[in-house]
Amino acid sequence: ANIAAMPSAATDVTCNVATGVSTSLNDLARALLDVMGRPDLDPEYGPERKVNNVRHRQADVALAKDLLGFTAHIDLHEGLRRLVKWWQSETEQDAA
């Protein structure tokens with residue numbers, strides 16, 4: 001999306017960069033645990049929030065497509081896998 005934005009005439013605008021696929025917070029937590037190699041763990045739940053009680057996330061990606069021609073080609077699981085790999089390399093460098 002950043003590369004698509006560079007030649008674009010779009011300025012002073014915020015675009016959602018996502019797949020546009022609805023993902024429950026439970027599914028997101030389980031996918032993250034899976035890519036981190038810890039599918040044996042379960043999410044811990046706190047009290048339900050009274051404000052902004054979000055159960056699903058689904059970004060509206062229409063503006064990114066219209067202004068930038070951006071469409072995601074990486075699904076949630078692969079994106080999380082790449083994020084965790086990057087994060088692990090960063091934490092290893094910090095520890096060195």
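Is Glu-78 buried or partly exposed in this predicted model? Glu-78 comes out as partly exposed, with a relative accessible area of 23%. Since the cut-off for buried is under 20%, Glu-78 does not count as buried. The legends below start from this residue.

**View 1. Glu-78 and its two arginine partners in helix H4.**
Start with the pair Arg-81 and Glu-78, whose side chains meet in a salt bridge at 2.6 Å, N to O. They sit 3 residues apart in helix H4, which means about one helical turn separates them. Arg-82 also meets Glu-78 in a salt bridge, this one at 2.9 Å, N to O. Here the spacing is 4 residues in H4, again about one helical turn. Salt bridges with shared partners therefore tie Glu-78, Arg-81 and Arg-82 into one network. An α-helix has 3.6 residues a turn, so residues three or four places apart point the same way. As for solvent, Arg-81 is partly exposed at 37% relative accessible area, and Arg-82 is partly exposed too, at 45%.

**View 2. The salt bridge between Arg-38 and Asp-40.**
The structure holds 3 salt bridges, and this view takes in the one that joins the side chains of Arg-38 and Asp-40. The N to O distance is 2.8 Å. Side chains of opposite charge can pair when their charged atoms come close. Arg-38 has a relative accessible area of 39%, so it goes down as partly exposed. Asp-40 reaches 53% and counts as exposed.

**View 3. Helix H2 and what covers it.**
Helix H2 runs over residues 25-35, and its buried residues are Ala-31, Leu-33 and Val-35. What lies over them? The cover includes helix H4, residues 76-95. Keep going just past the end of H2 and you hit Gly-37, which takes a positive phi of about 75°.

**View 4. A nonpolar patch on the surface.**
Five side chains make this one: Leu-32, Met-36, Leu-83, Trp-86 and Trp-87. Together they form a nonpolar surface patch of about 500 Å². Which helix gives the most to the patch? That would be H4, with 3 residues. Trp-86 is a handy one to look at: this tryptophan lies in H4 and has 49% relative accessibility, so it counts as partly exposed. The cut-off for exposed is over 50%, which is why Trp-86 stays in the partly exposed class.

**View 5. The second largest pocket and its lining.**
This pocket has a volume of about 290 Å³. Its lining takes 15 residues, and the closest to the pocket centre are Ala-18, Thr-19, Val-21, Thr-23 and Leu-76. In terms of secondary structure, strand E1 (23-24), H2 and H4 each supply at least two lining residues. If you're setting up this view, those three elements are the ones to show.

**View 6. Asp-12 and its positive phi.**
Asp-12 is found in the loop between helix H1 (2-5) and E1. Its phi is near 55°, a positive value in a residue other than glycine. Most residues other than glycine have a negative phi. How accessible is Asp-12? At 83% relative accessibility, Asp-12 counts as exposed.

How values were computed: Residues numbered from 1 in each chain as written. Predicted model: local features only at pLDDT ≥ 70, side-chain atom pairs only at ≥ 80, totals over all residues. Heavy atoms only, no water. Buried < 20%, exposed > 50% of the residue type's maximum accessible area, 1.4 Å probe, protein only. Contact = heavy atoms within 4.5 Å. Patch = residues over 30% accessible without salt bridge, like charges linked within 9 Å, V, L, I, M, F, W, Y side chains within 5 Å. Areas by Shrake-Rupley, 256 points an atom, 1.4 Å probe, with all protein chains shown as cover. Salt bridge = Lys/Arg side-chain N within 4 Å of Asp/Glu carboxyl O. 1 Å grid on protein atoms, 1.4 Å probe; cavity = no way out; pocket = protein on both sides within 12 Å on 5 of 7 lines; lining within 4 Å. Points joined across faces, edges and corners; volume = space filled by probe spheres on them.
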